[in-house]
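Colleague: I am new to this structure and should like to understand the terms used to describe it. May I ask for the reasoning behind each of them in turn?

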Amino acid sequence: MPELPEVETIVRDLEPLVRGHRLYNPTIHRPDVLRGVSKRRFERTLSRAVVESVYRRAKHAVFLLNSQDRVVIQPRMTGMLLVRPGRLSKAELKYAVFTTGLGNGSKLVFRDVRRLGTISLLSPRQWSEYDSKIGPEPLDPQFGEEAFARVLTGRAAIKKALMDQRKMAGVGNIYANEALFRAQIDPSRPANSIDSREAGALYRAVRAVLFEALEYRGTTFRDYRTGTGDKGNFQYHLDVYGRGGEPCRRCGSILVTTHEIDGRSTTFCWRCQSRRPKPA
Ligand SMILES: [Zn+2]
């Protein structure tokens, strides 16, 4: 599922192609992706609206219209957002769930093979209510170690806490695994058992791995594509995610994959990320 670096990459690709353009003939081809809005109202609201800006919040791509309504798209597993000059090919149209013409003659398309992604249309009031329930953005310059302390509350596994969107936005399974490896912390530890030295290491690891993944335009395991339709490149730089059974890059031990922590796959090094306290 696209996480912060993937959605940020998509949004940065789309923004210069979409911002300032008027929308023509917006069409929902698969109404089951809509949340809280009918096909009719969605299309009517978007028709001839101008896109004022395109940005990311958590794992959502947000299109701010001149009416101040927001189109919020969460690509999830197989969703792809692309801008194409001129007409869309048959293949591009095949899994299209939403298409719209742009003022310059190009087309914006949201394709989703499995249709796990969602689209909603939120008024300013609905957006601020929704936004207020999502935690802070970890790459925000304002996001310091004090803000990160909010993640380290409660007895849930630290891996789950990192992925809890109410505590911090944008981190999912891939980057939670990677950050915990970098900080050498056992993913199953209760969040509130992390001491201050570990907290500092984890804070730096979360930000570093997100910044690096963004530089490599995200991780393509299977379906994720950038806003230009290309694969990301961070999959070649992962330390643990998807590497169960392979040697740890740090100590050579065989990495272990478990589903016991949160039902998702967790890969870690039993030696580098052991529970034993490190000697001071
Ligand atoms: Zn190791």
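Modeller: Let us begin with accessibility: a residue is buried under 20% relative accessible area, exposed over 50%, and partly exposed in between, with a 1.4 Å probe and protein chains only. This is a predicted model, in which local features need pLDDT of at least 70 and side-chain atom pairs count only at pLDDT 80 or more, while totals for chains, interfaces and linings use all residues. Residues are numbered from 1 along each chain as its sequence is written, and side-chain values use heavy atoms, with hydrogens and water left out.

Colleague: Why does Phe221 count as partly exposed?

Modeller: The relative accessibility of Phe221 is 47%, and the partly exposed class runs between the 20% and 50% bounds, so Phe221 belongs there. Tyr241, at 17%, counts as buried because this value is under 20%.

Colleague: What makes Phe221 and Tyr241 an aromatic pair?

Modeller: Rings of Phe, Tyr and Trp (its six-membered ring) pair if their centres lie within 6.5 Å; planes under 30 degrees apart count as stacked, over 60 as edge-to-face and the rest as tilted. The structure holds eight aromatic pairs. For Phe221 and Tyr241 the centres are 5.1 Å apart and the planes make an angle of 80°, and the pair is edge-to-face. Both residues lie in the loop between helix H8 (196-215) and strand S10 (256-258), so the pair ties together parts that are 20 residues apart in sequence. Helices (H or I, at least four residues) and strands (E, at least two) are DSSP runs, numbered from the N terminus.

Colleague: How do you know that Phe143 and Phe148 form a pair that is edge-to-face?

Modeller: Their centres are 6.4 Å apart, and the angle between their planes is 80°; the pair therefore meets the limit of 6.5 Å and the condition of over 60 degrees. Phe143 is buried, at 3%, and Phe148 is buried as well, at 1%. Ring pairs link Phe143, Phe148 and Tyr203 into a cluster.

Colleague: Which residues touch the most other members of the largest nonpolar core?

Modeller: A nonpolar core is a set of buried Ala, Val, Leu, Ile, Met, Phe, Trp, Tyr and Cys residues joined through side-chain atoms within 4.5 Å. The largest has 33 residues, of which Phe148, Ile158, Leu162, Leu202 and Val206 touch the most other members. Helix H6 (158-163), H7 and H8 each give two or more residues to this core, and H8 gives the most, with nine. Another core, of 30 residues, lies apart from it and includes Val11, Leu14, Val18 and Leu102.

Colleague: What is the area buried between domain 1 and domain 2?

Modeller: The domain assignment gives domain 1 (4-132) and domain 2 (145-268), with bounds that come from an automatic or database assignment. Buried area is the accessible area (1.4 Å probe) that two parts lose on being put together, summed over both. Here the value is about 1,600 Å², of which carbon and sulfur atoms give 62%. The C-alpha centres of the two domains lie 28 Å apart.

Colleague: Why is the meeting of Arg217 and Asp13 called a salt bridge?

Modeller: A salt bridge is a side-chain nitrogen of Lys or Arg within 4 Å of a carboxyl oxygen of Asp or Glu. The N to O distance between the side chains of Arg217 and Asp13 is 2.7 Å, so the condition is met. Across the interface of domain 1 and domain 2 the rule finds one salt bridge.
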